[in-house]
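Q: I have a structure open and would like to go through its interior. Can we take it piece by piece?

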Amino acid sequence: MQHLDWPFFDDRHRELAASLDAWCADHLRVAHAADVDTQCRALVAQLGAAGWLHHAVAGEGEAIDTRAICLIRETLARHDGLADFAFAMQGLGSGAISLQGTPEQRARYLPRVARGEALAAFALSEPEAGSDVAAMQCRAVAEGDDYVLDGEKTWISNGGIADFYVLFARTGEAPGARGISAFIVDAGLPGFEIAERIDVIAPHPLARLRFTGCRVPRRQMLGTPGEGFKVAMRTLDVFRTSVAAAALGFARRALQEGLAQAKARPMFGARLADLPLTQAKLADMACTVDSSALLVYRAAWLRDQGRTVTKEAAMAKLMATEGAQRVIDAAVQLFGGRGVRRGEVVESLYREIRALRIYEGASEVQQLIIGRELMR
């Protein structure tokens, strides 16, 4: 944890990281239950009871501490990928309420999220509108005191177990991204159904949502009509950097596991670690981890100074997720056949990291964002 000495952090960040690391060592040792929904709910409750979820939300007048969120995600990911997922979705799912909600909306939802009593979700992607948000088809039509939702959302994390969803739908004030609005949609509303549960390589709660004449009160809109795209981008600017931090946590664990294996494994009358090829591989892994960390915490620090970090967050997300994939693959290689055996830490990391290169903006989208920002 030598990176905590870097000037990006205050003493409170160092104390936070040390406290959470000790808490994780004591509380995240139990193997996951076969029912991932049950385990995810339990982790949210556990994180809430311990006070960690407070850092994922911000009430009225409070600022979101990006560095704290990133340190928490890095630490949780290093210990347990599902615990990181549980924390992250509480933050992402409620982030738009923290940033744009009315006092009444904040009071109704954020304390319950922070206590781990309500599960949050962020519903942006659709079957034909993932990276291209402007292609969104889900519609919200104003009728009296309500908006009526029709359409689908997919790849929604916490889908099927969330108590509420921050959902984005086309309200038509303008073409493209300018005609999208944001709503808080409570689970269980008439016309709202879980159309499909989605099983992926690293078990997480995911679902496809369907809305058929689902009435949502106007008071549930976040911000003003037509500003939903801005709300989504502001939210993602915070949590995109934290995705990079989670990837960094996975990479650090892979380096730790790979180094321990190389030191312990006999090879050609010596140790695997004594071979020059192994040392070169470990050197590349270490350089990738540290370079990713510098980009992650530069972006987090800049945002906490009030700076716009669209380019910096995209750089961090691109380099940390792609780099973690390489580091974890190298760790699997150091383990040989054991590396692909289910139940090994590096095998679990290999499944965990793959989705991070896609969600909250695929690597190719991050390249487009960086290129666009450079051309400004």
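A: What follows is a short run through a helix, the cores, one residue and a cavity. Keep in mind that this is a predicted model.

Q: Fine. Which residues of helix 9 are buried?
A: In helix 9, the buried ones are V346, E347, L349, R351, E352, I353 and L356.

Q: And what do those buried residues pack against?
A: They pack against helix 4 (81-100), helix 6 (228-264) and helix 8 (310-335).

Q: How far apart are the end C-alpha atoms of helix 9, and what should the span be?
A: The end C-alpha atoms are 17 Å apart. Helix 9 has twelve residues, 345-356, and at 1.5 Å a residue these should span 16 Å, so the two values agree.

Q: Switching to the cores. How many residues are in the largest nonpolar core?
A: The largest nonpolar core has 54 residues. Those with the most contacts inside it are L47, L76, F87, I97, L124, F164 and F168.

Q: Which helix gives the most to this core?
A: Helix 4, with ten residues.

Q: What other core lies apart from it?
A: Another core, of 44 residues, lies apart from it. Its members include A17, A246, L272 and A330.

Q: Back to L47. Where is it found?
A: L47 is in helix 2, which covers residues 36-49.

Q: Is L47 buried or exposed, and why?
A: L47 counts as buried because its relative accessible area is 1%, and the cut-off for buried is under 20%.

Q: What is L47 in contact with, leaving aside neighbours within four places in sequence?
A: With those neighbours set aside, L47 is in contact with W23, W52, L53, L76, A83, A86 and F87. Of these, L76 and F87 are also listed, along with L47, among the residues with the most contacts inside the largest nonpolar core.

Q: What separates the C-alpha atoms of L47 and A86?
A: The separation is 8.4 Å, for two residues that are 39 residues apart along the chain.

Q: New topic, cavities. How many of 30 Å³ or more does a search of the whole structure find?
A: The search finds one. About 30 Å³ of space lies in the largest cavity.

Q: Which residues line the largest cavity?
A: The lining is made up of M1, H3, A17, L71, E74, T75 and R78. A17 also belongs to the core of 44 residues.

Q: Where does the largest share of that lining come from?
A: From helix 3, residues 66-79, which supplies four residues.

Q: And how does the lining divide by residue type?
A: Three of the lining residues are nonpolar, two are polar and two are charged.

Conventions
Residues numbered from 1 in each chain as written. Predicted model: local features only at pLDDT ≥ 70, side-chain atom pairs only at ≥ 80, totals over all residues. Heavy atoms only, no water. Helix = DSSP H or I, 4+ residues; strand = E, 2+ residues; numbered from the N terminus. Expected span 1.5 Å × (residues − 1). Buried < 20%, exposed > 50% of the residue type's maximum accessible area, 1.4 Å probe, protein only. Contact = heavy atoms within 4.5 Å. Core = buried A, V, L, I, M, F, W, Y, C linked by side-chain atoms within 4.5 Å. 1 Å grid on protein atoms, 1.4 Å probe; cavity = no way out; pocket = protein on both sides within 12 Å on 5 of 7 lines; lining within 4 Å. Points joined across faces, edges and corners; volume = space filled by probe spheres on them. Nonpolar A, V, L, I, M, F, W, Y, C, P; charged D, E, K, R; others polar.
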